[in-house]
Structure formats: C-alpha cells, structure tokens
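Hi everyone, and thanks for coming. I'd like to walk you through a structure that is new to most of us, so settle in and have a look with me.

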Amino acid sequence: MPESLFASTLHALLHILTALLLPPLIPGLINKVKAVMAGRTGPPVLQLYYDLAKLSRKQAVFSRTTTWIFMAGPAGAVAVGLCAAMLVPFGHFHAPLHFQGDVILFAYLLGLSRFLTVLSALDTGSSFEGMGAAREVTFAALAEPALFLGFAALAKSTGSLSLSTMLAHTGPLLRFSGPLVLVLAGWAIVYMAENSRIPVDDPNTHLELTMIHEVMVLDHSGRPFALVLYGSSLKLLVLSALLVGPVLPRNVGPLLGWLAFYLALGILAVGVGFAESVMARFRMTKVPQFLVAGVLATAFAFLLMLV
Amino acid sequence: MAWYLIVLPLVAAGAAFAISSPMWRVRILTTTAILHLVGLLAALGGWGTLPAGAWLGLDALGGWVLLVISVLFLVCALYAPAYLALRPDRDGRIFTGSLLSFLGLASLLAQSQHPGLTWVAIETTTLATAPLIYFNHNRHSLEATWKYLLIGSVGIALALLGTFFIAYAANMGGVEEPLLYGRLMRYSAHMSRPWLRAGFVLTLVGYGTKMGLAPMHTWKPDAYGETPGIVGALLAGGVTSCAFLALLRIYAVVSAAGEARFANELLVGFGLLSMAWAMVFMVRQLDFKRLLAYSSVEHMGILVLGIGIGGNAAKFALFHLAANALVKSVLFLSAGNIHRSYASKQLPYVTGAIRRTPVSGWLFLLGFLAITGTPPFAPFISEFNIAYTALTTGHPWVGTAFLALLGAIFLGMSDTVIKVVFGTPSAQRVRTPYKDTFATTAPMIAALTLALVMGLWLPRPLQDMLQSAAAMVGGQP
Amino acid sequence: MFHDILITLTVLTNFTLVATSRIHKSIQVAAFQGVLLGLLPMTLGLGFHVHILLMAAAAVIVKGWFIPFLLRRALAKVHIHREVHPYIGYTVSLMLCALGTGMSIVLAHNLPLKPGGPFALFVPAALATLFTGFLLLVSRRKAITQVVGYLVLENGIFLFGLMLIEDMPILVETGVLLDLFVGIFVMGIVINHISVAFDSMDTRQLAELKD
Amino acid sequence: MVAPAARVARVVGMTLYLLAILFAAVSGVPGLFSRGFGGKGAAALMIVSALLGISASAWVLYGGSGSSIMLPATATISWGLVSFDPIAAFFLVPVLLLSACASIYGISYWDDHHQEGAGKVRFFLGLLAAFLALLVGATHAFVFLLAWEGMALMAFVLVMTEDREAETRRAAWIYLACTHTGTLLLLGAFAVMAGATGGFAFSGLPPGLASTGKGTAMFVLFLLGFGFKAGVLPLHFWLPPAHAAAPSHVSSVMSGVLIKMGILGFVRLAAWVPDPPVWWGGILVVLGALSGIMGVALALGQHDLKRLLAYHSIENIGIILLGLGLGLIGKSTGHPALQVLGFAGALLHVLNHSLFKGLLFLAAGSVVHVTGTRDLERLGGLGRSMPRTAAAFLVGAWAICGLPPLNGFVSEWLIYLAAFRGLAHFHWGLSLIALGALSVIGALALACFAKAYGVVFQGEPRSTAAAQAQESPSAMILPMGILASVCVGIGLAPVLIAKPLDRVLSELAGRGQGLPELGSLAGLSWLSALAIPLLMLGIILWKWSIPKPQAKEQPTWGCGYLAPNPRMQYTASSFADGLVQGMSWVLWPKAAGGRVRGYFPFPRRFQSHLPDPVLDRVAEPGLKGTAFLLSTLRFLQAGHMSIYLLYILLTLLTLLVWMVV
C-alpha cells in the first residue's frame, strides 16, 4: 500500500512501542483466563509488569559453576527477540525492516535465542537444566521444518520472500482456504512448542522432570531472570503476530488495522488460556508425534497448493 | 653393432672369477658397469643405421632394452660392494662372475638379429643367473633354484620349438638362412600362417615362462623370495626384460605378417590374467619379498597388456619397462636392507621399518607409491597412458578391468607395506647389527630420482628412440 | 620306409616310459629313444653332411650313453629303485599318453607340410614325444624321473629339429646342442645337491616354498 | 598486441601465486635442521606465503586479470597448464589462510620438545599447503592429478604422524585406500574426457557432450572421484577416523581445505560444462541432502570431540552440494537468479566452513593438548580454566550452526534464497528437498553444538585432567583469534565479498553469459544493518544484567538433592539420546549394559556408541570377506612343481586348441 513517509514512520514507531511494551500483557491475559476458568480470581492482568519491575531491582544469586554466558544468554535472547519483532508485520503494515529473505533471518533468530537459552542453561551444570535443554533442542528439531514448510507454502503462493508481504497479502491463497488453514494449524503447533505452552509443556508446574522451558531457567534470578521472563513473553508476542497476520481483514484503514491486530492478539491469548485450562499436557513421549503432525500439516498445505 | 659391449663384461667376468682379492673383484664389477653404460651411450649414437644382413646390431628396440638393463646393472653394481662386505661368509667369485656374464649375455641378446641367437642368449642367461639364486646355499635357496631351472628350462625348450616352427613357416615361405628378423619381417607375407601362429603361441608360452606371466610365473615368488635383494632387483628388471625383448621380436614378425589381432588377443588375455593372479596373492601377503615378486608378475602383465592394446599403449609399455625396472630395483634393494636388519621377511615380525632403518623404510614406502602409479613417478605416466589408450581406442572394458585391478592391487599391497614400514619394531626380533649407510642407500636414491625425472622429462633423442622402437614392435622393419 | 619304422618305435618307447615303474628301466628306455633319434638322420637320405653326422653323434653319445650313465650313478647314490605312488597312476598315464598322441595327430593335421618331404610322421611324433615328456614331468615324484621326463621332452624337440636340419643347420644345431647341455646342467644340480640336501630325491620335499 | 602495463598487470597475480607456492613448500625445511627455530621459521615462511597468495587472490578477485602459464612438456603429456583464474584465486584464500594459522598453531602445539617428529610434521604440512595451492590453479589433467595425489600423500603421512597407535595406522590406511581409489576414478574420468575433447587441458566441453553416454560416464566418474575426497555420503567413511587420528592443526587443514578440493573439482566441472543436464544438479541436491542430514545425525551420537567435528564436515559438504546443485539446475534450466544464488551460497560456504571448521578443530586441539583426551564424557567446565579457547569454540559453534550474525548464516541464507526461488520453477521438488534438508540440518546442528560446547566447556569438570586444565599458550590462541575475527567480519559485513563472488560466478557461468549481480538479488547490506544493532543491544542488556560485585555465589541448585557431584551432570550421550533414539531407524546405535533394578541396586555400567553405517557395516566387512574369498584361492600355489608344470602344459594345450578351433 502506498504510504507517505510520515505515515510509515508513525507505523514504525507504533510497531516498536508495541514490541517493547505489549509483551508482558499477553501472559497476564492468558493466566487471567485460566484463573477465571478455574473459578479463581487469579493474579492481575498486569502481574508480569510488576514482577519485572521487582526483579530488576533485586540482587541476583547465581551458581559459581557458571561463566559469562549464564548472564549473556537471557540478554541475548531479549535482543534477538526484539530484532525478530522488527521483522514481523503487526497487522497489514510492513514491518519496520523488510527485505527479500527476512523470513529465513526471522526463523534463524528464533534459533539463536534458543541456542543462547540452552547454553545458559547448560552453564550451570545442573542435570535438570541439562535435561530441559536436551528436550528443547530435540523438539525444536521437529518444529523447525514445520515452520519452514509453512513459509515455503506462503512463498510459493505469494512469490515473495519477505514476511511483510507474505503474511499481509497471501496472494491467490484465500483466507480460510484449505492450504492456509493447514499452514496455520501447523504453525499453531509450532507456537505451542516454541512458547512451551500446554499441551507440549506446562509453564507453571514445578515438577522439574516434566518441564522444558521452566527447568532451563531454574538458576536464574534478579535481572537475568527478568530478562528471561520478558524474553519469553516477547517471543509469545512475535509468534502470535505471525499466527494472526494472515487472517486479519485486509485493506482497512490504519486505525482499524491496528485495532484488529490488538483484538486478534487478545482473542488468541484468550483462546490459549481456554485451551490450557481444558486440556492436559501430553506425556513427553507423545510430544514428538504432536510436532510431526505439525510438519505433516504444513507439508500437505504445500502439496495442496500444487493441485 | 658393438662387440665390446658383449666382450667386455664376459672378460671381466672371467677376471672376477679368476682373481682372489674380493676388493679388486668389486672394483672390476663397478668399473665394468660404468664402462658398459658409457660404451652403450656412445654406441647408441648410431642405432638408426643397422647394416642389412648383420647377425648382430644395435637397433632402437634392442638399444632401449639394453639401456634399461645397463642402468639397472649400474645401480646394482654400485650397491654390490656394500652388500658383499656384509656377506663375507659367501664366495663373491661366482656371484660377481655370474653378474658380469649376465650383463654380457644381455648385451648379446639385445643386439642379436637372429631368433636362434636370441634363444641361445636367453638360455645362457638362465644358466648364468641360476648360481645367483643359489647364493644363500640353504635348502630353500636350493629348492628355489631347482624350480627356477626346471620350469625355466621347460619354458625355454618350448620357446626353441616355437622358434623352429617359425623357421619352418619361413622355410615353407621360401625364406632361406639367415633368418634375420629384418628379413623375416620383409618376407612375412609369404610365411605359412598356421605354423606362424603355432610358433607364436609356443614362443609366447616359452618366453612368457621366463618373463613370469601367469600362470607360468610360478617359479617367481620362490626365486625372488629366496635370493638377496640385489639379485631380485636384477632378475625383476633385467632377466625379465631380456625375455620380453625376445618375445617382442617374434611379435614384431607376427604383426608384420598381419596376424596382429590374433597375437593381441593373446597378449591382452595374458596381461589381465597375470594382473588378476598377482592380485589374488598380494592380498594379505605376509612375506614382503614374495609381495614384490607378485608385483613383478603384475607389471609383466601390464607390459604385455600395453603391447596387446597397441598403438600409443605399446610405446608406453616400452616406457614402463624402464620405469618398472628402476622402481623395482629400489623396492628390492630396500626390502633386502630391511630383511637384513630384521633377519626376517615375514610380516608379524617386521614392523616399524622407518624406526629401525629409516632410509630404507622411507625408500620402500616411496618405491611402493611409485610402482603403484603415483604421479609424478614414471610408472604413473605409463599406467595412465595405457589406461587412456585402452579406454579411448575401443577397449573400454579392458581399460576398466585394468584400472579396477590396479586399484585392488593397491589395496592389497598397501596393507602389507604400511604394516612393514610404520608402527613400532616388534620386540620379538633381535636387532641385527645392520644399519643404513650411504653405500647401501645411495644407489636406491639415485634410481628413484631417475624414475622421478623420467616421469617429468625424457631427453628428445630417447623419445625418438622409444618412438621408433614402438614402431618396430608394431611391425615396420 | 626305414625312418617311419624308427619314428613308430620312438612313439612306442613313449608308451613304455609312461608305463614303467622301475627307474632303471625308464632310464634304459630313454637312452634307447636317444639312440633311435640318433639313427634317424641317417635314414632320411639326406646324404652324410657333417651337420647330420654331428647331430647323430651328439644324440647317440650324449643321449644314449652319457646322460644315462650320469643318471645311473646318481641312482646308485640314493637307494631307490621304483617310482612308488606317482601323482598319476600308470594305467591313467598310459591313457593320457594315448590321448596326447591322438591330439598331436589332430594338431599336426592342421599344420600343412611342405609337399614331398619324408616328414609325414615327424610332426605328430614330435608333439607326442613332447607331450610324453610333459606327462612324466607332471606325474612323477622322484627328481630323477622328472629329469628323464625333461630329456624326453627334449627328444621331441630334437625330432622336430630334424625336419629343418637340411635347410637351416646352424639354428638347429646350436639349439639342440645347447638344450642337451642344459639337460646335463640340470642333472648336475639334481645329482650333486638335492640328494645331499634332501636325503631322498623325492620332490615332495621340494615344496616348502608356497603361499 | 597488449600494452606493457596490461602485460605487467597480467603477470602480477601469477607471479605472486607461484611465489606463495614456493614459500609454502620450503616452509618446513628450516625445521629439519634447527630444532628450536623450526616452528617459528615455518610459521614465518607460511605467513609470508599467505600474504603473497592472498594479495594475489585479492588482485584477481577485485578486478585484476588472471593469467595462465604452460609448464614444460613431459615425456608423455604434451603440456602442463596452470592458470590463476578467479576460481583458483577464490579457493587459494582459505588454503593459505588456514595453512598459515595451522603453522602458527604448530609452534607450540606440536613442538620439538614434547612430540616425536615435529620437524617431519612441519615439513609435510608445508608441502601439503604447496600442493593444495598448486591444485587450485591446476587446469590440466596431469598437473591436476599430480597436485591431487601429492596432496593426498602428504595428508596421509601427516595422519600417520602418531603411527605407534594401531588405530592411527588403521585410519591412515583407510584414508590412503579411499584417496587412491578416488584418484583411479578421476584417472578414468580424465581419460574419457580427453577422449571426448581430444586434450588433457581443461577447456570448456563441447556443447551437447554432457547429455551423451560419454558425458554421463564422465560425470559419474567425476562424481565418485571428487565425492570420495569431499566425503559425500556414502563415500565419507574415511573422514572421521582420519580427522580423529591426525594432529589437530592437520585436521583443521584437512577438514578446512583438503576435502574442499573435491568441491573445487565439482566447481571446475560446472565451469566446463556449458549445458549440464538437469539430473546432474538433481543428483547433487539429493546427495547433499543425504550427506547433510546423515552427517549431522551421526555427529550427534559421537562422544569423541574430533570425530564429532569430522561428521560435521560431512554435513557442511552436504550444504555446499545443495547450493551447487541448485546453481547447476539454474544453469541447465537458464534461471540466472537460481544460478547466482546457489553458486554464490555454495562458494561462500566453502570459504566459511573452512574458517569456522578450522577454528573449531584448533580449539578442539587446544582442549586435547591440555587435557589429553578427546572423550566428551571426561571433559567439562573448561570454560573457566580456558576462557579464550572456550570463546573461540563458541564463535565456531555459533557460525557452524548458521546462526546470525556470523558468517555461517550468510552462506546458508543465500542457499535458502536459491531454494525459495527454485520453488517457483518447474523443478520445485528438488528445491523443496533442499529447503527441508537445510531446516532439519540447522536444527540438528544447533542441538549438536549446544551439546558439544555445553559438555566440554560448561558445567563441572568430569575428570581430574579436565579439572587441572590451564589455558593454552598464546601461539595457539592467536590463530584462533584470527579465524574467529574473520568469521565475525564476514558475518557483519557480507557486502565486502559480493564482488569477488560475482567474479567467480561469471567464470562459472561460462563465456558470454551475463549474470545479474549478487547484490541485486540478495540484500546483503540488510544483514549488516540488522546485525550491528543486534550486537549492541545484546551487549547493553548484558551489561545491565551483570550483577554487582558483591553478588552472592552459590552452588548450582540441586533441586533439593544435597550432595550433587560432577558425575551426575547430564552427559553428552544423554543429551543427544532423545534425537539419536528418534532416528535409531537410520542410525542403528549400539548400546551395552543393563538397566538398574531393585531397591538397592548393584553398580551397573551402561555404554552406547554409534558405529559408522558405511565403514563399520559395509566397507570393512566387505573387504574382509573379499580378502577371505581370495585367500581360498591360495591353494593354486601349493609349491609342488608338478602342478606348476601342469599349468604350463594346460596353458599350451588350451592355446593350441583355441588356435585350431
């Protein structure tokens, strides 16, 4: 869409602000929904903001086994998350950074944040965190192809290699057409795996042996832990944006567009909260099959587009 | 023709046999070798002009082969003094005498233009080299000599019959004495085909036995395994070359008579069979001297294969004759040194040669690499070109088989060689006083260098000589 | 005519050689064959060239007397009289010999002869004798018997050489005489070393070098 | 008639190139005479050679003109040709850079006082570098084979350095056998090629040849010959043992550049062929996917640090082949974009892999040097005792996983772009294969290097040797620093290598075919635009999160268990177990040992390992079986002379009968 320079700067600013400020809201929303579903009052929606503020003032305690990587991990993850956020379109406006091939960069930034998290987990030498790290990389190996096959499908339909155009205008691929639905289904699975939500992982159980993400950050505290929490919520936002992008209404005005985006985010969060409160998490051994289903879904999407 | 090339070594042989001082004997040996090479180079100036009707004369083919033998002999002669010094127990008389008389007879062979004379030369070479094989005077060397003599004599008897056949073929064609090769080739059109073919088959089997083509090669591993390395070098590079030359002469007549296709099929068949047979026995071969013997069988196979393929390959078969002789001398001499230092030539006992005899160990390794066709050593050039000609001139399957066999042989040979050369010397073997010295290694280094140079550059006159020798084998008189 | 009879006798001696088990006898027969071959040149009606006489003398003296003499002496040294347990039994040897003779005849048919020579039987006989020599070499165990085999093989070649004696005497003489010399040389080894190094002359003991 | 200036300009590159070869070749010579000075002398000469060579490459790649010289005639092959064209210039850079780093490293890694035969190692390393440098410029069958075999043999001797170990001898033999087989295949290929073109010089092949039977035979032979060297599955099996057995700086040169010479071969082939059939590219893509996935999968299961790295070399060769294959498809179907992106990605990955794999092997070497073991399960916690080595290894791991903002990402990104663009074309299936393979490889590589770095450098030391580790001397750190900084440099400013790549690409496209510039197809500058803020942001946040000095240090939380000890840490095997078990249907891991039973169990051992599917399951049993079959033929020479004479008789009879019939 032809935009004036002013408009686009405005959009960019809004985009950046959203990326910086919005993330902690989403987990809060999800938890609220879950609490309500469970008939509890639950923590306030802004709880995570409070936690972050408190943690950033707290003195950190850390294992003497660790090296600088232990600290650098969370920081890097946040930085990476922000960069990734600059690539994803929020709604139907071009992301602040968009160029041919940013899809791949986006996917690899996710990989990078995983790498850093895993390393800072291993840095403690705790067998629990080692276990978590092992699971993280194992499941990611299955999530990655699903993500890329989805990109492949979209790229083939739009002929573009940039998220901004790929997600915003899915070309001949109509919304709610078979392939797109399959892609989104596959990505939904990726979404749960990457953000360690139920049914892949349970963000707020405390049985170390059953956890993936939580168990990797057992030893973090203080500011690093704040970064960890913020980073994961950021990841949640980014992937949500990826997920809602294609289904948003097109060719609406800027204001409506942004509103639609926020609304969609909210709906997604509520949906996640709902899902988490009605279903239990899988046994560890079931998770791979679940992820394979995601791969198959995206693969079918690609094949469907050829017929 | 050059009488002195024949006479000089024979006289020297007589002298070496007569005098008693070992020191003088080896001096005679080395000086004769040097003089022979010098004289040969001088004589080679005129290889082009061969007087018709001469029984003796130095043509391109004979000149080339004799040059190879002479160089090889020089290498061995330079090695001999140090070796004889190591073996005071043995009588150097017969040894030196036989060596020198072999040189004389080889010169006779190379210059002979008459099949009968050629045959006589080969026969006498056999007799002259028999005492060399018996050098060690133990049961094994006796057995080896017995096999060498009896199998060799039977083979040569067949060669004589073959020569008779060809003579009869010529006789039926109305060709009278003297049956010089030149005349045979000129009148080959009239010769009786059946006799000619039968004659070729007989000479092929006969001289093939002497060369060591499978399956007539059976004396070879025993003989090479039981003789000193120096004799092995001379047999593998010299005696075989003599037999090969004799075979080539007959082949030239046959191909001049237009029977080349018939002969080529036989040669290719024998070549491949020899390589395959050698391969079978080189895999897991624990005795590294027998390994070299089989490698010699393989390379005889390569020679006849090249001739059989013909054209460019024939030329490079002749080139390979030289390459093989040089590298084989390195291999046999270094193997001899290693054998001497370990007092064994069996694998479990001989390991880590680069630690006990560094120079010989490295030379053995390099020689192995050279003989298996590693550029830029000379054998690579010939093997490459033979393969290339085979693949591109209508023998694709022969070429493929050739390369496959080369590969398999490399696998088999490398296994043993690496075990011998690397690792730590095994504790079971007591260390003999032998140590690498300049005298026992310099000749090998020289030979290897020569092989290297040949791979990169060959003087123009030698190239021309090679060319016309190949043409001669091809049947142009 | 006469030479045909001699040739026939030669072929018959072949059969006797492969059939006999006593070493003395085989030496005798070999000597007899040598004499036959020696007489053969005379009967060809080629006149009495020096060459022909030379050949005849060489054959009769060396093959008929000298070599048998040496062999008998060797035999006296080691006390063996029979070729026991040959690799190939005597009856089988006989059959093989017959087979070989047949093959030689077939082969000879494929080798056209100069018209009008007295040599009709020479080629088959020569090949048959050659084959017999081989048979003895292959099938016997004692070194002496193998030497006899080698001599018979030579006889075959000698027989063929006679066809060329007229036209190219030098070739034939040098060849044949040298061959005889080698025969003697080989025997020298047998007699002077093998019987010493290995107490009997059984060539089974000469099979230590192998893969 | 060229102007003198132009003539001078033409010879500059070649002169420098030849000088570089010369210096490299002699670099080991001083070491043979003086023990003390040897290492430094070799390093100095090699550095000079690297400077000369790299400036020569720069000259050619940034606009200077390449040139070629004729070597004198041999007895047999008319001319030997060496030409210093952009391709040679491009490949020369990693060769000399890595050799120089290796020889600096060698000063203290393999010094005269501690190791046997240090002079030998230096001498042959110099020769190896020289042969490699000659090989990149060889454009004639004879010179090519000469350099090829020379390189292979030097490498063989270097692998054999510790020949007292039986394992080393075995590894070296396997390597020698494979490389020689490869050479024979190449020999056949060149023969066929010369038969078709009538010359041994690498001129462009005549159009239409590639699709004939001759062309097919040639391609297959080249594929096998170069594949052996490059370590393409299933011809990879020599690679892990050889890399594990060799001294680490040698492994870094071998893995960094030696196996790339197989790729060089493919690149040359791609340059000669004007009209490659599509299936050529297709085969490369399929083989690439296979090598990539299997390579990284096998790497996951290793617990020998150097074997792990070796398997990753196979994986990266696979990635390079994916790029080459896509480029080749582009060339045959006439899609310039595909061609540019695929080839550019492959070439850049060649450079990148040699950088970070060299770096990784040097770092691994310094670990081995200090702790004396390659076994992951006995290492750990080295990040604190050897911070520099750890940092170097981290950079290498980061880059090899293809993570932004390092160089590994740039090349994989280009190949991804090629694959994505390929989706739009007719042969979308191959592109999809490439895409899927790349994504799987990326994820698995990340897992594998998280494991490697985590187990070696993080946590608690698992053995006393690891506990007493000290940082390696600076002569070993310096080369790692150089390589690491180049990795970062390319990652941050990939624009700089766009022009050289364009030069090589135009060479690859063949004469007269204009290609779009790489810069116009891939927004390389965007990467830098994003990478730099990313780093800054990360550093700022890191600084912010670093706790005050008086921060409390505690032992790692044992989740309530009070007496944790180092042996309780998650091991390398258990880290990879999930993935290995998941892929057990292709990997066939072997496990021995029982599970723990009862309330008061006795001590139990458990060990698992991952045999190489080709070497341990096919090649070795096959060779053993063949050898046995052949040994059953030994009866043919039982020593009985009668039998021997019988052979002669039978031969004679057969031939006579054959003649008559």
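Let me start with a definition: a residue is buried if 20 or more other C-beta atoms lie within 10 Å of its own, exposed if 12 or fewer, and partly exposed in between, with the C-beta atoms placed from the backbone. Please keep in mind that this is a predicted model, where local features need pLDDT of at least 70, side-chain atom pairs count only at pLDDT 80 or more, and totals for chains, interfaces and linings use all residues. Residues are numbered from 1 along each chain as its sequence is written, while chains are lettered from A and ligands numbered from 1 in the order in which they are written.

Let's try that definition on one residue. Is B:Leu452 buried, exposed or partly exposed? B:Leu452 counts as partly exposed because it has 17 C-beta neighbours inside 10 Å. You'll find B:Leu452 in helix α18 (residues 438-456) of chain B; helices here are DSSP runs of H or I with at least four residues, strands are runs of E with at least two, and both are numbered from the N terminus. Two residues are in contact if their C-beta atoms, placed from the backbone, lie within 7 Å. Setting aside neighbours within four places in sequence, B:Leu452 touches B:Pro376 and B:Phe377. B:Ala471, 19 residues away from B:Leu452 in sequence, is 26 Å away in space, C-alpha to C-alpha.

Staying in chain B, look at helix α1 (residues 3-18). The expected span of a helix is 1.5 Å times one less than its number of residues. The 16 residues of α1(B) should therefore span 22 Å, and the end C-alpha atoms are indeed 22 Å apart. Its buried residues are B:Leu5, B:Ile6, B:Leu8, B:Pro9, B:Ala12, B:Ala13 and B:Ala16. Among the elements that cover them are α2 (22-44) and α4 (92-111) of chain B.

Now, how do the chains meet? Of the 4 pairs of chains that touch, A and D share the most contacts. There, 64 residues of chain A are in contact with 57 residues of chain D. On the chain A side, α6(A) gives the largest share, 17 residues. That side divides into 39 nonpolar, 16 polar and 9 charged residues. For these classes, Ala, Val, Leu, Ile, Met, Phe, Trp, Tyr, Cys and Pro count as nonpolar, Asp, Glu, Lys and Arg as charged, and the others, Gly among them, as polar.

Chains B and C also touch, with 34 residues of chain B meeting 32 residues of chain C. Here α6(B) gives the most to the chain B side, with 19 residues. That side has 21 nonpolar, 7 polar and 6 charged residues. By contrast, no contact joins chain A and chain B, whose closest C-alpha atoms lie 41 Å apart. Chains A and C have no contact either, and their closest C-alpha atoms lie 56 Å apart.

Let's finish in chain D. Its domain assignment, which is automatic or from a database, gives domain 1 (276-537 + 571-590 + 607-613) and domain 2 (615-660). The C-alpha centres of these two domains of chain D lie 49 Å apart.
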